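Reader: I'd like a close look at one part of this model, the place where the two domains of a single chain meet. Could you walk me through it, and then set it beside the contact between the chains?

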Protein chains: 2
Amino acid sequence: MASSWVPDISPSSDFSLANIPFGIISTPDDAGPHVAVAIGSYALDLKVLAANADLTQVFPGLNGLTEAFSQPTLNAFAEMGRTVHRQVRAGIQDLLSTATTHPSILRDNDSLRTKALLRQSAIKMHLPMSIGDYTDFYAGYHHAYAVGVMFRGPANALQPNYLHLPVGYHGRASSIVVSGTPVRRPVGQILLDPKEPQQPPVTAPSRKLDMELELGCFLARGNEMGRGVAVGEADEYIFGYVLLNDWSARDVQTWEYVPLGPFNGKNFASTISPWVVLADALEPFRARAVENATELQGYLREGREESVFDIGLEVDLTTAEGDTTTIGRTSSKHLLWSFPQMIAHHTLGGCPMRTGDLLGSGTISGPGGVGERGSLLEMTENGKKEVLLYGMDVRTFLKDGDTVTLRGFCGAEGARVGFGECRGRIYSAGA
Amino acid sequence: MASSWVPDISPSSDFSLANIPFGIISTPDDAGPHVAVAIGSYALDLKVLAANADLTQVFPGLNGLTEAFSQPTLNAFAEMGRTVHRQVRAGIQDLLSTATTHPSILRDNDSLRTKALLRQSAIKMHLPMSIGDYTDFYAGYHHAYAVGVMFRGPANALQPNYLHLPVGYHGRASSIVVSGTPVRRPVGQILLDPKEPQQPPVTAPSRKLDMELELGCFLARGNEMGRGVAVGEADEYIFGYVLLNDWSARDVQTWEYVPLGPFNGKNFASTISPWVVLADALEPFRARAVENATELQGYLREGREESVFDIGLEVDLTTAEGDTTTIGRTSSKHLLWSFPQMIAHHTLGGCPMRTGDLLGSGTISGPGGVGERGSLLEMTENGKKEVLLYGMDVRTFLKDGDTVTLRGFCGAEGARVGFGECRGRIYSAGA
């Protein structure tokens, strides 16, 4: 990979020239949300670029980009399809490269560079897509197993369907927020002692507020109602990926979820990272999924060895006092099901997907100990053990004032492909 | 209620002058979806009316209606709030009344009447709202009890949480279709013998395709994330009501739903009636909900005796041969929870609602026998008994070519408030 002329790109930046993730920004000069890409600690404002440069040189044959780059979401760009995403990412990599073939457009154009290349600290990030529907899967094998052991013992840890299909549920699209949005501790109906279901519940702020480390996948296109998407064609439906923190009120969830699944325990907020890493940027980091000895139904047979990605994932917890501890480290390869399998299953009965739909992987945990877990539920065995933090502090579940930050990246220093931060701070239910 | 000058209003019409439901139509002269109301067998095209008449006389002080009536969904009109809905409905009732105070605007204006008053048979109906999120509750007490008895016996028929909170789950907004849309029998993963969970599943068209008779409620406004809606204020959040058929593939659902709830068993299609009956039109038909001896949490105490509506509901099954049998008759009063209670619960933890969100009541069945049931699951005890149809035919679940039509109305002949038809025909998974 060539190097970039953009200044101050740290070797550990998630936004190397090998990445070029897309996001929605507003700027001091333009309060209307519009499209940008991230490079190092800068954002390249594509609306400004398109308005001031002749992009037909950089993206020959591509129409509609100027219009798409001025939209308040990435949906219009996503709808243009993977071939266009590939061409546009390659064109931007060229523009930002030291050896650019179009030096006069941006590299050597002081006036446009000053207008279009903005410090990320000076801009505001917005939700990248208009999300029609949000579905959360449960494909993190080691998470599902660990939680199953906790509630049903090792013999029945996995439900009979778990190895046959990607279990998932419909989430709440309106509750998806962008990194940095404060999250209010939810009030909910709670049974104080779940072993005494005849006792009345109470209505109170959740005492078991948790995070969930997930990978999110945005769709580029939809399918016709009644017509499924074949697993081998599902790649073409994927726009890109984000980190996803599916905040969970465990005590609310425990009481409400039988028989129809999670509801208020989940729908108060889910946080995503703001920059969408395009599907192509992750292609070099393919890995094998968790092995599944079950004979799969034909519609789930993907026919490739490396169906998931090996993205290093981390969870930081920062206390109100400002002490930060990395409480979990794992990889996105610990999934039993790939996103193409999830898409094939989701549409098997004809469910219509749309551009901008968000799929969550489910919580990702590694096979190892407490340090590889993607939720406090697992780290603390549902509150029985404490997680040790810097600052002589401990946690079972989250306290008001805590900040959870997810991070994820792959690739060597100088050529990293990562997500930046997926961050949220909890504030009091009484505030 | 005064009578209307509109011709041919049958005494049994759902769309009497007492109703005035709103919908989205396209017409031979205007293919762009826009707003209309139903009156008898006609639709009054409100876009044409607003473009050709001075509405400030009819709706004094109301701005933005011309714009709202030309929108492709009712969202803009819904957002204007209940006071405006009330004024506009009253103004239209006046215009259509024999004793109208503005005879020159429509009644005596041959040219405009011809343009604006169209036979319903000559227009096309569209989905009335842009639906951000769809939530389906489980508030039909006799349905929940009957299904519980079937799967767990009478002692454990209701789960411990059922009497304490309105159980619900997030549905799939993209799968909501308007009455008349054909419904493809879904293919799904099915465990042929649920008593043998170690046997492998098959992938096949559902053998247990069912309907569910529900009432749907559209929201007029949303709440700020993190802030709940008090049960006493929830009326102001309600725009109006439709009939809802939540098609269900029982065999798919049985295999997939543990532990996260219904997914592909539901997300292939749900059908709604096209005309939204405004909340105010149903006010005269309030009734007591199913009695709940449980001491409710404070946020669910509604403090009024009559929290639901007594709407007569019917389910017709029409075979491919054209024989129609009414297989179920019940009332919407058989709910344990009211829509204000559902809204208060849904937002308790801060979940943000938006204008156009759809809430389903859950299947509504009466306390009586097979003829009062809102699903074939109940009528046939999960396929063990047969429902007798005209034409010497029987059903356990739906056959390809079957049409299910829901109907619902209240009020005396000549002043009925009803929904028209909520209809869908099943076509083959192989088509």
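Author: In this predicted model, 2 salt bridges turn up across the interface of domain 1 of chain A and domain 2 of chain A. Asp280(A) and Arg86(A) form a salt bridge, with 3.0 Å between their closest N and O atoms. Polar contacts add to the picture: 5 residue pairs, both partners at pLDDT 80 or more, are in polar contact across this domain interface. On the domain 1 side, several elements of chain A each put in at least two residues that touch domain 2, namely the strands β1 (22-27), β2 (30-39) and β5 (124-126) and the helices α3 (75-79) and α4 (82-96). Sort the residues on that side by type and you get 10 nonpolar, 5 polar and 4 charged.

Now for the extent of it. Domain 1 of chain A brings 19 residues into contact with 16 residues of domain 2 of chain A. Putting those two domains together buries about 1,600 Å², and carbon and sulfur atoms give 61% of that area. The C-alpha centres of the two domains of chain A, meanwhile, lie 31 Å apart.

As for where the pieces begin and end, domain 1 of chain A covers 22-126 and domain 2 covers 134-427. UniProt, in an unreviewed entry, lists residues 18-128 of chain A as "domain: Fumarylacetoacetase N-terminal". That stretch, 18-128 of chain A, is 35% helix and 23% strand, and its end C-alpha atoms sit 20 Å from each other.

Then there's the contact between the chains. Here chain B and chain A each contribute 59 residues. The buried area between chain B and chain A comes to about 5,500 Å², with 56% from carbon and sulfur atoms. There are 4 salt bridges across the interface of chain B and chain A. Take Arg172(B) and Asp357(A): these two form a salt bridge whose closest N and O atoms are 2.6 Å apart. Between chain B and chain A, 37 residue pairs are in polar contact, again with both residues at pLDDT 80 or more. The face of chain B that touches chain A gets at least two residues from each of β6 (134-137), β7 (168-170), β10 (187-190), β11 (202-205), α7 (250-256) and α9 (339-346) of chain B. By type, the residues on that face of chain B split into 31 nonpolar, 21 polar and 7 charged.

How values were computed
Residues are numbered from 1 along each chain as its sequence is written. Chains are lettered from A and ligands numbered from 1 in the order in which they are written. This is a predicted model: local features need pLDDT of at least 70, side-chain atom pairs count only at pLDDT 80 or more; totals for chains, interfaces and linings use all residues. Side-chain values use heavy atoms; hydrogens and water are left out. Contact means heavy atoms within 4.5 Å. Buried area is the accessible area (1.4 Å probe) that two parts lose on being put together, summed over both. A salt bridge is a side-chain nitrogen of Lys or Arg within 4 Å of a carboxyl oxygen of Asp or Glu. A polar contact is a pair of N or O atoms within 3.5 Å; within protein, one must be able to donate a hydrogen and the other to accept it, and residues adjacent in sequence count only if both atoms are side-chain atoms. Helices (H or I, at least four residues) and strands (E, at least two) are DSSP runs, numbered from the N terminus. Ala, Val, Leu, Ile, Met, Phe, Trp, Tyr, Cys and Pro count as nonpolar, Asp, Glu, Lys and Arg as charged, and the others, Gly among them, as polar. UniProt positions are given in the numbering used here, feature names are shortened, and annotations may be inferred rather than shown by experiment. Domain bounds come from an automatic or database domain assignment.
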